[in-house]
Amino acid sequence: MDKSVSIIIPAYNEEKKLAPTVDFVLEALHRNNISGFEILIFNDASTDKTGEIADGLASKHFQIKVIHNPKNMNLGFNITRGFQLATKEYVGFVPGDNETDSESLDNILQVLGKADIIIPYIKNPEVRPLTRRFLSTAYVMIINAAFGFKMRYYNGLCFFKTSMVQKVPVSTYGFAYMTEILVKLLKSGATFVEVPMILKIRERGATKAFRLKNIISVFKTFLTLFWEVQILKKRLTLT
């Protein structure tokens, strides 16, 4: 069975990294014999030449579509909007900073079609600072305990069956957006496979995930999600 995939590439001020990221994705698709694909580049109101570069790439590859956001919307919006615009059988994303490991993307593409969701987990957590590892582990444990799962990670480069993820109502574009999507789909009966993902050491600044306003946003999303899924028992119709 031929597989097709939409790959979202969110990019904010990535004029030096965007073209290498696209080349990286194209090489991975070719290496894994996936000819049915589209690439959705989100230029998130960049102030450098990211938008021009994206348009140039689209003029060279008919499979590339560019969405220019009039204002900066951040990662969660770009990914969830990309899910809705996707036209291929599966959909996922690769950040536009060209810091994704090739083995990680291969691991995802090689199991495409074997489950409704491909969920990467971190194979080498030791590259992260100790505090980040502790908080990440605690987060996974809390989500697992609250919803009855045994997942290894909730914030990776997840790929989904497009028809399913497009049915998920998303209440947040904050850092818990992927957790919300995963919990709602998994509790509704979606199948999944976990694959290892190799983290590269960050070239640029520390994560913003643990800023106070983001922690508050995640907590609010968690409470709402718990109420809907565990108390009200809301489920999606996936077929």
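Which residues line the largest cavity? Here are some notes to read beside the structure, which is a predicted model.

1. **The cavity.** To take that question up straight away, the residues around the largest cavity are Tyr 139, Ile 143, Ala 176, Thr 179, Glu 180, Val 218, Thr 221, Phe 222 and Leu 225. Helices H5, H7 and H8 are the elements that each supply two or more residues to this lining. The biggest share comes from H8, with four residues. Sorted by class, the lining holds six nonpolar residues, two polar ones and one charged one. As for volume, the largest cavity has about 50 Å³ of space. Searching the whole structure turns up one cavity of 30 Å³ or more.

2. **Thr 179, one of the lining residues.** If you are browsing the cavity wall, please pause at Thr 179, which belongs to helix H7. Its relative accessibility is 2%, so Thr 179 counts as buried. Setting aside neighbours within four places in sequence, Thr 179 touches Tyr 139, Ile 143, Tyr 154, Asn 155 and Leu 225. Among the residues of the cavity lining you will also find Tyr 139, Ile 143 and Leu 225.

3. **A salt bridge inside helix H7.** Glu 180 is another residue of the cavity lining, and it has a charged partner in Lys 184. The closest N and O atoms of this salt bridge are 2.8 Å apart. Why are Lys 184 and Glu 180 separated by about one helical turn? Because they are four residues apart in helix H7, which covers residues 177–187. Both Lys 184 and Glu 180 are buried. For Lys 184 the relative accessible area is 9%, and the cut-off for buried is under 20%.

4. **A second partner for Lys 184.** Lys 184 also forms a salt bridge with Glu 228, where the closest N and O atoms are 3.6 Å apart. Glu 228 sits in helix H8 (residues 212–231) and Lys 184 in helix H7, so this pair ties together parts that are 44 residues apart in sequence. Glu 228 has a relative accessibility of 21% and therefore counts as partly exposed. Through shared partners, the salt bridges join Glu 180, Lys 184 and Glu 228 into one network.

5. **Another pairing to look at.** How many salt bridges does a search of the whole structure find? The search finds seven. One of them has not come up yet in these notes: Glu 194 with Arg 152, whose closest N and O atoms are 3.8 Å apart. This pair links distant parts of the chain, 42 residues apart. Glu 194 is in strand E7 (residues 192–197), while Arg 152 is in the loop between helix H5 (130–147) and strand E6 (159–161). With 22% relative accessibility, Glu 194 is classed as partly exposed. As background, side chains of opposite charge can pair when their charged atoms come close.

6. **Two asparagines worth a look.** Most residues other than glycine have a negative phi. Asn 33 has a positive phi, near 60°, and is not a glycine. You will find Asn 33 in the loop between helix H1 (18–31) and strand E2 (36–43). Its relative accessible area is 70%, so Asn 33 is exposed. Asn 74 also has a positive phi, of about 75°, although it is not a glycine. Asn 74 is placed in helix H3, which runs over residues 74–85. With a relative accessible area of 48%, Asn 74 is partly exposed.

7. **The chain as a whole.** Stepping back, the protein chain contains eight helices and seven strands. A compact globule of 239 residues would have a radius of gyration near 18 Å, and the 17 Å of this chain agrees with that. Along the principal axes, the C-alpha atoms fill a box of roughly 50 × 40 × 35 Å. Of the 239 residues, 50% count as buried. What part of the contacts with a separation of 6 or more comes from residues 24 or more positions apart? In this chain, such residues account for 82% of those contacts.

Technical notes. Residues numbered from 1 in each chain as written. Predicted model: local features only at pLDDT ≥ 70, side-chain atom pairs only at ≥ 80, totals over all residues. Heavy atoms only, no water. Salt bridge = Lys/Arg side-chain N within 4 Å of Asp/Glu carboxyl O. Buried < 20%, exposed > 50% of the residue type's maximum accessible area, 1.4 Å probe, protein only. 1 Å grid on protein atoms, 1.4 Å probe; cavity = no way out; pocket = protein on both sides within 12 Å on 5 of 7 lines; lining within 4 Å. Points joined across faces, edges and corners; volume = space filled by probe spheres on them. Nonpolar A, V, L, I, M, F, W, Y, C, P; charged D, E, K, R; others polar. Contact = heavy atoms within 4.5 Å. Rg over C-alpha atoms; globule rule 2.2 N^0.38 Å.
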